[in-house]
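Thanks for coming. I will walk through one structure, starting from a single residue and working outwards.

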Amino acid sequence: MTFDDNRSPGLAEKDRLSLIQKMREKLAQREPGQTSGPSPAPSGIDASACDFSQFADVKKIAIHKAVAKQWGIDSLYFLCHEGVARDTTVIGGKTCLNFSTYDYLGINGSEALNAAARAALEKFGSSSSGSRPTSGERPPHRELERALADLHSAQDCVVFVSGHATNVWTIYQLFKKRDVVFYDSLSHNSIIQGAQISGAVRLPYAHNDLDALEELLATERHRYRRALIVTEGLFSMDGDIPDLPRLAQLKKKYGCFLMVDEAHALGVLGPTGRGLAEHYGMDPGVVDIWMGTLSKTLCGCGGYVAGRAELVECLKYLAPGFLYSVGMSPPLAAASREAVAVMLREPERVRRLQETSRYFLDYARQQGLDTGRAQGYAVIPIMVGGSVETAMLAARLFHQGVYVIPIIFPVVEEKAARLRFFLSSSHTKAQVRQALDLVAKELPRVRQESAAMVEDRDNDSGLDGQD
């Protein structure tokens, strides 16, 4: 560390030199690599206010980890995959069937995408090295945005470096205090967060219940200046889709903007994977704001918004999550651009994914498994019930070579815990049968053992026989 003798205004020369000398002496006393610990709290302030370990959230995490260890379910998260995760993956030297991948079309790590990323890396480097409005713009950004705009038959598109931030900053930028946001009650966290920070009034409607939405619109729409209806093209927890024709009718009838989050729908719905509008055979123009992510079918990282040119220009010049962020890494942009091309020139990947998804849904139901609201589109839950049972089941499956993530409270309601299976075009029917046969075998055992453990715990606590 150095001191600039010209940056101490307001001090007499003698005092300035004395202050600099004291700072140098204090730094010299510090051991190399030493960092200062928590500072003592000033007089009158509780010491816990200056200690991260006393944060309520930190304590909550510690409790959850202790409980997970006690139940033997502490080895399911932050597992390190040792290569490209497709239909199978290697974790800790062990090959597992993998049902926790967003790579819906099985093209992550393919030579086509790797070659596109390598070419961009060699020409543009690994970083844009600046915000795109200033010094970070590169040809791969524009090529990707043009391809995505064409995919949705939109005038233009803007790419953000985070999918979550795409929803947050788009809703924040477009809708304000005099406006209202109507959103599906099972919308992604990023949609809800964007509505919250926008300052607009937030009105959720029951999941995929468009009669309930119309009741809200009829009674509330007239109170606000602008209104947004926002939903997902494919719901990532339940695997069901909304009624786009009805949404388009409601949007027109009540004078609203319509936004659809295609994060899990792109590459999954429609004959060529273009998403919800293609699935229904509709003009994409019925939707004002098409949002999507690059981290799933497009094998990159980030998000995008496609729509009218005025919308995109507004976000490029004013949305904080774009304006004040570094531009996307050029190799990632190039890889996602190539993924769009692969999806369109190899529609058999989309068709194979759809066939496998329908087979999974049918076979699961034949095995007596509860698939909830799933409609057979790449994301299919197996409903278990309690969080502990769900985590125990996932741990059992993992130890027997099937990797699937449990979705438990507070992500979903306690009695709605589930295993969430993601399918890709790489999965085979044999792999589906192997996984579901194992679930059908282990689920009743887990429920029986969980009930016995709870009974033993209650007996040890002296609760047995109490009113």
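**Starting at Thr89**

Thr89 is buried, with 2% relative accessible area. Before I go on, please keep in mind that this is a predicted model. Thr89 sits in strand S1, which covers residues 88–91. Its side chain makes a polar contact of 2.6 Å with the side chain of His81. Leaving aside residues up to four places away in sequence, Thr89 touches His81, Lys94, Thr95, Cys96 and Asn98.

What does S1 pair with? Strand S2, residues 94–98, is its antiparallel partner, over four bridges. One pair across the two strands is Ile91 with Lys94, the latter in S2. These strands belong to an open sheet of three, in the order S1-S2-S11, and the pairing in that sheet is mixed. S1 and S11, the latter at 402–403, are the edge strands; each has a single partner, so each has one side without a neighbour in the sheet.

**The whole chain**

Stepping back, the chain contains 16 helices and 13 strands. Of its 467 residues, 48% are buried. Among contacts with a separation of 6 or more, 69% are between residues 24 or more positions apart. The accessible surface of the chain is about 23200 Å², and carbon and sulfur atoms account for 52% of that.

**A second strand pair**

Next is strand S3, residues 156–160. Why can S3 be called largely enclosed by the rest of the structure? Because four of its five residues are buried. S3 pairs with strand S9, residues 303–307, in the antiparallel sense, and there are five bridges between them. Within that pairing, Cys157 has Ala306 in S9 as its bridge partner.

**Backbone details**

Now the backbone, with a reminder of what is usual. Most residues other than glycine have a negative phi, and most peptide bonds are trans.

Just ahead of S3, in the loop that follows helix H5 (139–151), is Ser153. Ser153 is not a glycine, yet its phi is positive, at about 50°. Is Ser153 buried or exposed? Its relative accessible area is 55%, so it counts as exposed.

Phe78 is another case: it is not glycine either, and its phi is positive, near 60°. Phe78 lies in the loop between H2 and S1. It is exposed as well, at 86% relative accessibility.

The peptide bond between Phe409 and Pro410 is cis, with omega at about 10°. Pro410 is in the loop that runs from strand S12 (405–407) to strand S13 (417–422).

**On the surface**

Which residues make the nonpolar surface patch of about 320 Å²? They are Phe52, Phe55 and Val58. Phe52 lies in the loop between helix H1 (13–29) and helix H2 (56–70). At 67% relative accessibility, Phe52 is exposed.

My last residue is Glu348, in helix H14, which spans residues 347–366. Its relative accessibility is 33%, so Glu348 counts as partly exposed, a class that runs between the 20% and 50% cut-offs. How far is Glu348 from Thr272 in sequence and in space? They are 76 residues apart along the chain, and their C-alpha atoms are 8.4 Å apart.

To close, back to where I began: Thr89 is buried, and its strand, S1, is at an edge of the three-stranded sheet.

Terms used: Residues are numbered from 1 along each chain as its sequence is written. This is a predicted model: local features need pLDDT of at least 70, side-chain atom pairs count only at pLDDT 80 or more; totals for chains, interfaces and linings use all residues. Side-chain values use heavy atoms; hydrogens and water are left out. Buried means under 20% relative accessible area, exposed over 50%, partly exposed in between (1.4 Å probe, protein chains only). A polar contact is a pair of N or O atoms within 3.5 Å; within protein, one must be able to donate a hydrogen and the other to accept it, and residues adjacent in sequence count only if both atoms are side-chain atoms. Contact means heavy atoms within 4.5 Å. Two strands pair if DSSP finds at least two bridges between them. Patches are made of residues with over 30% relative accessible area and no salt bridge: like charges are joined within 9 Å, nonpolar side chains (Val, Leu, Ile, Met, Phe, Trp, Tyr) within 5 Å. Accessible areas come from the Shrake-Rupley method with a 1.4 Å probe; for residues, only the protein chains shown count as cover. A salt bridge is a side-chain nitrogen of Lys or Arg within 4 Å of a carboxyl oxygen of Asp or Glu.
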